[in-house]
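Hi there,

Here is the structure I promised to pass on to you. Have a look at it first, and then read on for what turned up in it.

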Amino acid sequence: MRPRDELRSRLTALCVQRGWPAEEVAVERPNDRARGDWASPVALALARPLRRAPREIASELADALSLDSTRWEEPEVAGAGFLNFRLARPYLQDVVRRLIEEPDGHMRSDRLAGRRINVEFVSSNPTGPLHVGHARNAALGDGIAALFASQGADVTREYYFNDAGRQMDILGASVHARYRQMTEPDFPFPDEGYQGEYIADLAREFAVEHGDAFRDVPLEECLAEFRSFAGERISAGIRADLERFRVSFDVWFNESTLYRDGRTEQTLEELKALGAAYEKDGATWLRATDYGDTEDRVLVKSTGHPTYLLPDLAYHRDKHERGFDQAIDIWGADHHSYAVRMQAGLTALGYPADWLRTVIYQQISLIEDGEEVRLSTRKNRMVTLRELLDDVGVDVTRWFLLMRKGDTHMTFDLDLARRQSDENPVYYVQYAHARLAGVFTRNERPEWDPALAGVPGSLDRLNAEREIDLLRALDDLPDVVADAADALEPHRVTDALEELARRTHLWYHDHRILVDDEHLARARLALARACANALREGLALLGVEAPETM
RNA sequence: GCGCCCAUAGCUCAGCUGGAUAGAGCGACAGCCUCCGGAGCUGUAGGUCAGAGGUUCGAAUCCUCUUGGGCGCACCA
């Protein structure tokens with residue numbers, strides 16, 4: 001059992017035993033680590049109901065705990081009545097053994113084993129290349145999926161293509177117009193058409209493939225041709241960009257299949273049967289206000305065509321029927337009101353409130369030449385994921401997009417990213433790994449390498465202050481990853497890895513590893529190996545490489 | 001006008017279910033390589049946590065209002 005969980009359950013048990021009102025005892029990090037590894041303010045909370053001094057309550061709990069001395073030092077009562085707990089040396093030193101014996105298992109857990117979780121993300125329409133906003137979506141979605149997987153969940157990464165809507169027609173018409181303009185410069189461009197340069201590129205590709213065959217064909221007769229050509233090319237580009245970004249999907253779901261199988265109608269019928277849908281003004285409405293939305297929403301327009309909402313509800317109903325215990329959707333802030341109506345629809349269908357969890361991330365503002373760049377697929381200015389990867393690379397892009405929590409309005413300074421990319425913290429973390437790796441590649445005592453010799457018996461020689469700090473940073477990681485998974489917040493992992501890298505650099509700077517004292521040297525080599533393993537596992541979790549040399 | 005999100009050091013951001021003197025990186029200034037990798041390390045300066053009330057033993061964190069910013073308010077997708 002993890003130390004924090006041990007404290008929580010022991011303290012809770014003691015309170016229950018005494019009949020004290022404590023359903024769940026808080027165990028948290030002291031804000032100053034010098035106070036201890038964990039702390040509980042439980043005595044402060046109990047002071048009033050028990051009408052006793054908090055320090056007195058804390059002392060009673062401390063005396064009653066009788067913790068295992070190989071894991072814990074004696075608890076302390078401090079301040080107004082805090083209980084402070086410090087992990088014992090043998091426990092901390094043992095983290096090195098665990099990291100060497102199971103190099104890729106330190107941050108893994110099986111607490112979500114058997115849970116089937118669907119993470120749907122990106123899901124960009126195939127009407128244009130992925131831009132930096134989609135990149136944030138991709139990084140977050142993939143990071144969250146990886147976090148769940150690390151906790152033992154059975155994770156499916158899924159991409160939903162809206163390939164059935166009017167946007168695809170506009171795309172086809174846009175490419176068609178550019179194609180015609182190659183020979184007729186005055187050919188009209190659709191009012192709502194996509195302006196990007198990539199449309200003209202697609203038109204040229206179309207011309208290479210089909211020549212003049214469609215020069216004189218009216219749009220009505222060849223729209224399907226242009227639509228599918230453009231859609232397929234763009235989809236292929238999206239897949240290629242994502243693959244390069246190290247994001248791979250298990251399921252590519254096409255909206256069009258929902259209509260083919262009649263699942264939109266089934267969903268509509270079910271909503272009607274449940275009394276959650278009604279007719280008004282010739283349209284069919286969802287009673288979204290009954291489930292927390294600010295107004296009711298149209299499911300089927302008076303024209304008889306469904307809105308976006310109905311197929312999306314059908315799609316999530318499909319996920320539910322495929323047996324997922326939980327669905328996670330990653331959406332940009334421009335969809336936040338949409339998340340509310342989705343939740344309303346799913347609640348109406350009878351799903352538990354937390355079956356769908358939506359992660360709403362805020363827009364990225366791009367700064368280039370000191371000015372804000374407005375992002376738009378329709379207009380011709382955007383920064384694509386591909387350009388971003390060309391400029392700063394996969395590792396920097398992923399790290400940068402993951403290191404901030406989703407609800408910050410982040411700014412991405414392109415000039416800074418391009419010009420001063422060595423200042424990015426990802427290099428700091430990667431360098432820590434490369435430095436440690438260097439110790440082993442240049443090791444003049446290969447026989448002391450724990451990879452060959454096994455875990456040394458001299459781990460109790462790791463007692464320098466910076467060694468203990470480093471051991472603590474290593475032992476923190478499993479809790480950080482577990483909490484990050486529960487909170488859907490990958491940035492907690494980047495923070496923890498930066499902290500680990502900092503501790504690694506500090507230790508490396510102050511202490512020589514290959515000292516003459518064989519027992520100490522073996523212990524330090526083991527610590528170096530343990531740190532390298534932890535850095536590698538943590539970086540891998542985030543889809544970032546851990547280079548041996550830089 | 002209504003709804004959602006945000007406001008913490010010069011800049012970019014952390015601060016985990018409210019807890020004990022508010023942190024990091026970058027930037028600025030001053031230092032450290034005879035030594036396993038200096039993409040490193042050490043030190044200094046820099047904050048009325050947007051403002052005002054409230055709840056609480058305790059508030060950057062919860063509630064209300066105000067100010068400022070982003071996003072959304074379609075029988076578009």
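**What I found**

Let's start with a single ring: Phe161 is buried, with a relative accessible area of 3%. Please keep in mind as you read that this is a predicted model.

**Aromatic rings**

Phe161 has a ring partner, Trp252, and their ring centres are 5.8 Å apart. Are the two rings stacked or edge-to-face? Their planes meet at 20°, and stacked pairs are those with planes under 30 degrees apart, so this pair is stacked. In the sequence the two partners are 91 residues apart: Phe161 belongs to strand E5 (residues 154-161) and Trp252 to strand E6 (residues 251-254), so you can see the pair linking distant parts of the chain. While Phe161 is buried, Trp252 is partly exposed, at 27% relative accessibility. Both rings also belong to one aromatic cluster, together with Phe121, Tyr159 and Phe249.

For another kind of geometry, turn to Phe206 and Phe229. Their ring centres are 5.0 Å apart and their planes are at 85°, so this pair is edge-to-face. Here the link runs between helices, with Phe206 in helix H7 (residues 197-210) and Phe229 in helix H8 (residues 219-244), 23 residues apart. Are these two rings buried or exposed? Phe206 is buried, at a relative accessible area of 0%, and Phe229 is buried too, at 7%. In total, the structure holds 19 aromatic pairs.

Rings can have charged company as well. Arg18 lies over the face of Trp20, 5.7 Å from the ring centre. Arg398 does likewise over the face of Phe245, at 5.4 Å from the ring centre.

**Salt bridges**

Side chains of opposite charge can pair when their charged atoms come close. How many salt bridges does the structure hold? There are 54 salt bridges, and here are a few that I picked out for you.

- Arg111 and Asp486 meet through their side chains, with 3.0 Å from N to O. Arg111 is in the loop between helix H4 (89-101) and strand E4 (116-120), whereas Asp486 is in helix H17 (residues 465-487), 375 residues apart. Arg111 is partly exposed, with a relative accessible area of 38%, and Asp486 also counts as partly exposed, at 38%.
- Arg227 and Asp169 form a salt bridge with 2.5 Å from N to O. This pair links helix H8, where Arg227 sits, to helix H6 (residues 166-181), home of Asp169, across 58 residues. Arg227 is partly exposed at 30%, and Asp169 is partly exposed at 26%.
- Arg246 forms a salt bridge with Asp395, and their closest N and O atoms are 2.7 Å apart. Arg246 lies in the loop between H8 and E6, and Asp395 in helix H13 (residues 385-402), so the pair ties together parts that are 149 residues apart in sequence. Arg246 is partly exposed, with a relative accessible area of 32%, but Asp395 is buried, at 13%.

Some salt bridges share partners, and in this way Arg2, Arg4, Asp94, Arg97, Arg98, Glu101, Asp475, Asp479 and Asp483 are joined into one network.

**A hairpin**

Next, find strand E7 (residues 277-280) and strand E8 (residues 283-286), which run antiparallel and are joined by four bridges. Lys280 has Ala283 in E8 as its bridge partner. E7 and E8 form a hairpin with two residues between them, and Asp281 in the turn has a positive phi of about 55°.

**A buried leucine**

The last stop is Leu525, which you will find in helix H19 (residues 518-541). At 0% relative accessibility, Leu525 counts as buried. Which residues is Leu525 in contact with, leaving aside its neighbours within four places in sequence? They are Val439, Phe440, Asn443, Trp448, Asp449, Pro450, Ile513 and Leu514. Take Asp449 from that list: Leu525 and Asp449 are 76 residues apart in sequence, yet their C-alpha atoms are 6.5 Å apart in space.

Happy exploring!

Technical notes: Residues numbered from 1 in each chain as written. Chains lettered and ligands numbered in written order. Predicted model: local features only at pLDDT ≥ 70, side-chain atom pairs only at ≥ 80, totals over all residues. Heavy atoms only, no water. Phe/Tyr/Trp six-rings, centres within 6.5 Å; stacked < 30°, edge-to-face > 60°. Buried < 20%, exposed > 50% of the residue type's maximum accessible area, 1.4 Å probe, protein only. Lys NZ or Arg CZ within 6 Å of the ring centre and 35° of its normal. Pairing = 2+ DSSP bridges. Salt bridge = Lys/Arg side-chain N within 4 Å of Asp/Glu carboxyl O. Contact = heavy atoms within 4.5 Å.
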